[in-house]
Amino acid sequence: MFQHKPWVGPNYRVGISGARVAIVGNSHWSEDDSEDSTMFVISKILDGTWKNIAFFRQIKDYFSFADALEFWNQVIFFNYAPRSIGGADDRYNQIPGEMVEEAKERFTSILVRYKPENVFVFSSKIRWALPEMHLSIPNVPLKSARTGLLTSGESPAHIFLLRHTQGANKCEMTDTVKKLLGSKE
């Protein structure tokens with residue numbers, strides 16, 4: 001069975017603030033699913049066709065980038081769910097239980113393969129399904145934020161668990177991202 005390939009920006013190794021950054025969302029939702037779904041979505045963001053999709057626009061803004069092309073070309077992006085979770089009616093659903101073990105393995109393998117230093121997870125909805133990690137509470141404006149390191153030790157990346165962008169306070173999220181980029185908690 002296929003899995004979505006992650007988007008790896010051509011300037012990913014350059015990073016943001018001197019560090020390689022991974023952006024993780026919850027899931028794609030589409031009846032027309034393929035291993036290239038993430039590539040298709042990012043291509044539509046970069047060519048301006050889908051410039052108003054709030055999730056992608058807001059994340060770019062949280063990192064203080066004005067240009068979508070510049071931002072998304074400097075990061076790796078993937079959704080935690082390895083495949084679409086369904087159609088438009090399913091867009092707010094959690095990752096299905098039968099995908100969880102596969103998602104954990106995929107998440108870890110992507111971190112091991114691409115070696116991001118900072119991983120920003122923009123979904124509280126998937127916290128229950130993430131691999132086991134040592135968590136701490138960072139001193140940041142977003143009180144629900146958590147930082148983590150995988151307990152397996154397979155990846156030394158700093159994992160920042162944030163909320164989804166929908167309904168988030170932009171100043172709070174921007175200040176949180178800025179502070180986390182400068183910290184190694």
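Before I show you anything, one definition: when I say that two aromatic rings pair, I mean rings of Phe, Tyr or Trp, taking the six-membered ring of Trp, whose centres lie within 6.5 Å. Please also keep in mind that what we are looking at is a predicted model.

With that definition in hand, let me start with the rings themselves. A search of the whole structure finds 15 aromatic pairs, and one of them is formed by Phe55 and Phe56, whose ring centres are 5.2 Å apart and whose planes stand at 85 degrees, so that this pair counts as edge-to-face. Ring pairs also link a cluster, and its members are Phe55, Phe56, Tyr62, Phe63, Phe65, Phe71, Trp72, Phe77, Phe120, Phe122 and Phe160.

Let me now turn to the sheet. It is an open sheet of seven strands with mixed pairing, and the order of the strands across it is 1-3-2-4-7-6-5. Strand 1, which covers residues 7-8, and strand 5 stand at the edges with a single partner strand each, so each of them has one side without a neighbour in the sheet. Strand 2 and strand 4 run parallel and are joined by four bridges, and here Ile23 stands opposite Phe120 in strand 4.

Two helices that pack on this sheet deserve a mention. Helix 2 touches strand 2, strand 3 and strand 4, and its direction makes about 140 degrees with that of strand 4, while helix 5 touches strand 2, strand 4, strand 6 and strand 7, with its direction at about 160 degrees to that of strand 4.

Further along the sheet, strand 6 and strand 7 run antiparallel and are joined by three bridges, with Gly148 standing opposite Ile159 in strand 7. Strand 5, residues 133-136, and strand 6, residues 146-150, also run antiparallel, this time with four bridges between them, and Met133 has Leu150 in strand 6 as its bridge partner.

What, then, is buried in helix 2? The buried residues there are Phe55, Phe56, Ile59, Lys60, Asp61 and Tyr62, and what covers them includes strand 2, helix 1, helix 3, strand 3, strand 4 and helix 5. After helix 2 comes Ser64, which has a positive phi, near 65 degrees.

This brings me to the core. In soluble globular proteins, nonpolar side chains tend to be buried together. Here the largest nonpolar core has 29 residues, and those with the most contacts inside it are Ile23, Phe63, Trp72, Phe120 and Phe122. At least two residues of this core come from each of several elements, including strand 2 (21-25), helix 1 (37-46), helix 2 (54-62) and helix 5 (170-181). Apart from that core lies another, of 26 residues, among them Ala22, Val100, Tyr114 and Val121.

Which residues does Trp72 touch, if we do not count those up to four places away in sequence? They are Trp7, Gly9, Ile23, Ile42, Ile45, Leu46, Phe56, Ile59, Lys60 and Phe77.

Finally, I would like to point out Asn73, which lies in the loop between helix 3 and strand 3. Is Asn73 buried or exposed? Its relative accessibility is 12%, and because buried means under 20%, Asn73 counts as buried. Leaving aside neighbours within four places in sequence, Asn73 is in contact with Trp7, Gly9, Pro10, Asn11, Tyr12 and Leu46.

Definitions and conventions: Residues numbered from 1 in each chain as written. Predicted model: local features only at pLDDT ≥ 70, side-chain atom pairs only at ≥ 80, totals over all residues. Heavy atoms only, no water. Core = buried A, V, L, I, M, F, W, Y, C linked by side-chain atoms within 4.5 Å. Buried < 20%, exposed > 50% of the residue type's maximum accessible area, 1.4 Å probe, protein only. Contact = heavy atoms within 4.5 Å. Pairing = 2+ DSSP bridges. Axes fitted to C-alpha atoms, helices over the stretch in contact; angles between N-to-C directions. Phe/Tyr/Trp six-rings, centres within 6.5 Å; stacked < 30°, edge-to-face > 60°.
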